[in-house]
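Let's take a look at how one helix and its neighbouring strands fit together. Have the sequence and the 3D view ready as you read.

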Amino acid sequence: MTIMNKISIIIPIFNEIKTLKTILERVENADVLGLKKEIILVDDFSSDGTQELLRKYSQIENYKVFFSVKNGGKGTAVRKGLKAATGDLFLIQDADLEYSPSDYPNLIKPILEGKTEVVYGSRLKKTKKLIHEQYMEFQ
């Protein structure tokens, strides 16, 4: 089993001035089962004041903030965040409060226990069981 010390939480952002402070507070307070947090914020050319707020976070330890020069979509923002990530484990968190950081332990635990290499969450699945102990390995 691989020892993991740090989690990179990647947050793609586009015009989220109304939810940004709330989601970042929740991410900061989220239980990550003892891992050190690296919070990566990737703005996708917001025009609602989000960029100005993000500049303040660029001065805070454990934060990395990136600004796109044009809107490239969520996938582009996620890829930029993944390139900058230095953690042993990666987690993608939307900035719009759709997913709750309170779910992090349920997502992280099976990986830390060596039961799986990847966990996907879904807001569409209505059952309470979020974790599948089997996984497929893609090569």
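## Before we start

When we say here that parts pack against each other, we have contact in mind, and contact means heavy atoms within 4.5 Å. Keep in mind, too, that this is a predicted model.

## The two sides of helix H1

Helix H1 covers residues 20-29, and its buried residues are Leu 20, Ile 23, Leu 24 and Val 27. Looking down the axis of H1, you'd find these buried residues within an arc of 100 degrees, so they line one face of the helix. There's a general rule to go with this: an α-helix has 3.6 residues a turn, so residues three or four places apart point the same way.

Now flip to the face of H1 turned away from the buried side: Lys 21, Glu 25 and Asn 29 are exposed there.

What do the buried residues of H1 pack against? Their partners are three strands, S1 (6-13), S2 (36-43) and S3 (63-67), plus two helices, H2 (50-57) and H4 (104-112).

## Strand S2 and its partners

Seven of the eight residues of S2 are buried, so the rest of the structure largely encloses this strand.

S2 pairs with S1 in the parallel sense, over eight bridges, and Ile 7 sits opposite Lys 37 of S2. S2 also runs parallel to S3, joined to it by five bridges; here Ile 39 stands opposite Tyr 63 in S3.

## How the pieces connect

S1, H1 and S2 form a right-handed β-α-β unit. Another right-handed β-α-β unit is made by S2, H2 and S3.

Notes
Residues are numbered from 1 along each chain as its sequence is written. This is a predicted model: local features need pLDDT of at least 70, side-chain atom pairs count only at pLDDT 80 or more; totals for chains, interfaces and linings use all residues. Side-chain values use heavy atoms; hydrogens and water are left out. Buried means under 20% relative accessible area, exposed over 50%, partly exposed in between (1.4 Å probe, protein chains only). Helices (H or I, at least four residues) and strands (E, at least two) are DSSP runs, numbered from the N terminus. The arc is that of the directions from the helix axis to the C-beta atoms. Two strands pair if DSSP finds at least two bridges between them. A crossover is right-handed if, with the strands pointing away from the viewer, the path from the first strand over the helix to the second runs clockwise.
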